[in-house]
Amino acid sequence: MYQLAIAEDEQECIDEIVGYIHKYEEENSCGFQISVFHDGSELVKNYEPRYDVILMDIEMPNMSGMEAARKIRETDENVVIVFITNMAKYAIEGYSVGALDFMVKPVTYYAFQMRLKRAVSRAEKQRNSEIILPLRDRMVRIGIRQIYYVEIQNRLLHYYTDDGEYILSGTMREAQAQLAPFHFAKCNHWYMVNLMHVQEVRKDVVIVGGHKLEISRRARADFMKALTDYMGGAF
């Protein structure tokens, strides 16, 4: 199931797009959870990075699609944006906010399904390389490569990343389940390490992103096997 947002001020256009999406679902055996916004300001208000794809008109009364896209990019670098416009001249400006594509009205189903297919393909790649962290006051979309390691303290998970530290309620078991598709391994009860950031192993210590973490006796065998498998026998 993909999360898809439509930002469009013309109801007739909204109805047409929704119809196209349902037709695409039937033809491609996939599903979309659709959220509709009638202006760019509605979309950016309390925005959280949970959408896979945003289909957005450029010319809207209170906040244009271009302005909304700039606001969105402040907190969400990865959502796939496709503009819908009456004016092809906006295409170049759209690339400045990382838009994947644009469609010129009136939109035919053939053009729509081609661009939606491309958007879904991009979104799928993004899904495979990032996770969403539900923080106390907001949700953050973060790339797997950004995470150095995860620590559990007093029922709080600490994600140490190149953007700083993120803290959220949870258990190490929950973190393991979320990160299972990626290359993480526990070096002791309290720490789970992103193997791509391991710099060195010294006896009972692993160095990750400049941090020294203890390798416990109980976890050592499994941790070293995971690291060796990931590095192709380098350790």
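In the predicted model, Y2 is buried, with a relative accessible area of 13%. F32 likewise counts as buried, at 7% relative accessibility. The two rings form an aromatic pair of the tilted kind, with 5.7 Å from centre to centre and an angle of 35° between the planes; the angle falls outside the stacked class because that class requires planes under 30 degrees apart. Y2 belongs to strand β1 (residues 2-7) and F32 to strand β2 (residues 32-37), so the pair ties together parts of the chain that are 30 residues apart in sequence. With Y24 added, Y2 and F32 make up one aromatic cluster.

The count of aromatic pairs in the model comes to eight, and another of interest joins Y149 and Y160. The ring centres of Y149 and Y160 are 4.5 Å apart and their planes meet at 20°, so this pair is stacked. Y149 is placed in strand β8 (residues 147-153) and Y160 in strand β9 (residues 156-161), so the contact between the rings ties together parts that are eleven residues apart in sequence. Both Y149 and Y160 are buried. An aromatic ring is also involved in an arrangement with a charged side chain, in that K23 lies over the face of Y109, at 4.3 Å from the ring centre.

The loop between β8 and β9 holds N154, and R155 is located in that loop as well. N154 has a positive phi of about 50°, although it is not a glycine, and R155, which is not a glycine either, has a positive phi of about 65°. In contrast to the buried tyrosines Y149 and Y160, N154 counts as exposed at 74% relative accessibility, and R155 counts as exposed at 73%. A backbone feature of another kind is found at P106, in the loop between β5 (101-104) and α5 (109-127), where a cis peptide bond joins K105 and P106 with omega at about -5°.

Strand β4 (residues 80-85) is mostly covered, six of its six residues being buried. In a regular strand the side chains alternate between the two faces of the sheet. For β4, the residues on one side are V80, V82 and I84, those on the other are I81, F83 and T85, and all of them are buried, so that both faces of the strand are covered, buried being defined as under 20% relative accessible area. Strand β3 (residues 53-57) pairs with β4 in the parallel sense, over five bridges, and within this pairing M56 stands opposite F83 of β4.

N188 is situated in the loop between β11 (184-186) and β12 (191-194), and at 4% relative accessibility this residue counts as buried. A polar atom of the N188 side chain lies 3.0 Å from the backbone nitrogen of Y191, while the N188 side chain also reaches the backbone oxygen of E214, at 2.7 Å. When neighbours within four places in sequence are set aside, the residues in contact with N188 are E214, S216 and A219. E214 thus appears both among the residues in contact with N188 and as the owner of a backbone oxygen reached by the N188 side chain.

As to the cysteines, the count of disulfides comes to zero. C13 is in no disulfide, and the nearest cysteine sulfur, which belongs to C30, is 20 Å away; a disulfide would require the two sulfur atoms to lie within 2.5 Å, and therefore C13 and C30 do not qualify. C13 is buried, with a relative accessible area of 8%, and C187 also counts as buried, at 0% relative accessibility.

Finally, R70 is a residue of helix α3 (residues 65-73). With a relative accessible area of 42%, R70 is partly exposed, since this class covers values between the 20% bound for buried and the 50% bound for exposed. R70 and E8 are 62 residues apart along the chain, and their C-alpha atoms are separated by 17 Å.

Key
Residues numbered from 1 in each chain as written. Predicted model: local features only at pLDDT ≥ 70, side-chain atom pairs only at ≥ 80, totals over all residues. Heavy atoms only, no water. Buried < 20%, exposed > 50% of the residue type's maximum accessible area, 1.4 Å probe, protein only. Helix = DSSP H or I, 4+ residues; strand = E, 2+ residues; numbered from the N terminus. Polar contact = N/O pair within 3.5 Å; in protein donor to acceptor, adjacent residues only side chain to side chain. Contact = heavy atoms within 4.5 Å. Phe/Tyr/Trp six-rings, centres within 6.5 Å; stacked < 30°, edge-to-face > 60°. Lys NZ or Arg CZ within 6 Å of the ring centre and 35° of its normal. Pairing = 2+ DSSP bridges.
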